[in-house]
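Reader: I should like to go through this model residue by residue and element by element. Please give the reasoning behind each answer.

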Amino acid sequence: MSMHNKYAIIGLKALQRAAEKVAADAKKNNYKIPVWNNGRIVFKIPSVPTEQKDGPDHKSSVDYR
């Protein structure tokens, strides 16, 4: 695996964590955030996800050594 691919995956996970924090803050404070929906921008109050994305037995395909 190339080093660039490793950094891309780490960056993607960081962006996903940041987006979850923004969505949680918007939900807590009743803020609307822009969401792309069917070719146009719609402002919505997000719902906080309650499911785990990766279960406890999840094996990552990335080696972080």
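Reader: Is I10 buried, partly exposed or exposed?
Author: This is a predicted model, and in it I10 lies in helix α1. The relative accessible area of I10 is 35%. Buried means under 20% and exposed means over 50%, so with its 35% I10 is partly exposed.

Reader: Which residues make a nonpolar surface patch with I10, and what is its area?
Author: Residues in such a patch need over 30% relative accessible area, and I10 has 35%. The patch is made by M3, Y7 and I10, and its area is about 310 Å².

Reader: Which general feature of an α-helix bears on residues three or four places apart?
Author: An α-helix has 3.6 residues a turn. Therefore residues three or four places apart point the same way.

Reader: What should helix α1 span, and how far apart are its end C-alpha atoms?
Author: Helix α1 covers residues 3-29, which is 27 residues. The expected span is 1.5 Å times one less than the number of residues, so α1 should span 39 Å. The end C-alpha atoms agree with this, being apart by 39 Å.

Reader: Which residues of α1 are buried, and which strand is included in what covers them?
Author: Buried residues have under 20% relative accessible area. In α1 these are K6, A23 and A26. Their cover includes the strand at residues 33-37, namely β1.

Reader: Is E20 buried, partly exposed or exposed, and how far is it from P46 in space?
Author: E20 belongs to helix α1. Its relative accessible area is 37%, so E20 is partly exposed. In sequence, E20 and P46 are 26 residues apart. From C-alpha to C-alpha, the distance between E20 and P46 is 9.9 Å.

Reader: What is the phi of the residue that follows α1, and is that residue buried or exposed?
Author: Most residues other than glycine have a negative phi. N30, which follows α1, is not a glycine, yet its phi is positive, about 60°. N30 lies in the loop between α1 and β1. Its relative accessibility is 56%, and exposed means over 50%, so N30 counts as exposed.

Reader: How many bridges join β1 to β2, and which residue of β2 stands opposite V35?
Author: Strand β2 comprises residues 40-44 and runs antiparallel to β1. Five bridges join the two strands. The residue of β2 opposite V35 is V42.

Reader: Which residue in the hairpin of β1 and β2 takes a positive phi, and is it buried or exposed?
Author: The hairpin has two residues between the strands. N38 is found in that loop, and although it is a residue other than glycine, its phi is positive, near 55°. With 73% relative accessibility, N38 counts as exposed.

Reader: In what order do the elements of the chain run, and what share of its residues is buried?
Author: The chain has one helix and two strands. From the N terminus on, their order is α-β-β. Of the 65 residues in the chain, the buried share is 8%.

Reader: What share of the accessible surface belongs to carbon and sulfur atoms, and what share of contacts joins residues at least 24 apart?
Author: The accessible surface of the chain comes to about 6000 Å², and carbon and sulfur atoms account for 55% of that area. For the second share, the contacts considered are those between residues at least 6 apart in sequence. Among these contacts, the share that joins residues at least 24 apart is 32%.

Note on methods
Residues numbered from 1 in each chain as written. Predicted model: local features only at pLDDT ≥ 70, side-chain atom pairs only at ≥ 80, totals over all residues. Heavy atoms only, no water. Helix = DSSP H or I, 4+ residues; strand = E, 2+ residues; numbered from the N terminus. Buried < 20%, exposed > 50% of the residue type's maximum accessible area, 1.4 Å probe, protein only. Contact = heavy atoms within 4.5 Å. Patch = residues over 30% accessible without salt bridge, like charges linked within 9 Å, V, L, I, M, F, W, Y side chains within 5 Å. Areas by Shrake-Rupley, 256 points an atom, 1.4 Å probe, with all protein chains shown as cover. Salt bridge = Lys/Arg side-chain N within 4 Å of Asp/Glu carboxyl O. Pairing = 2+ DSSP bridges.
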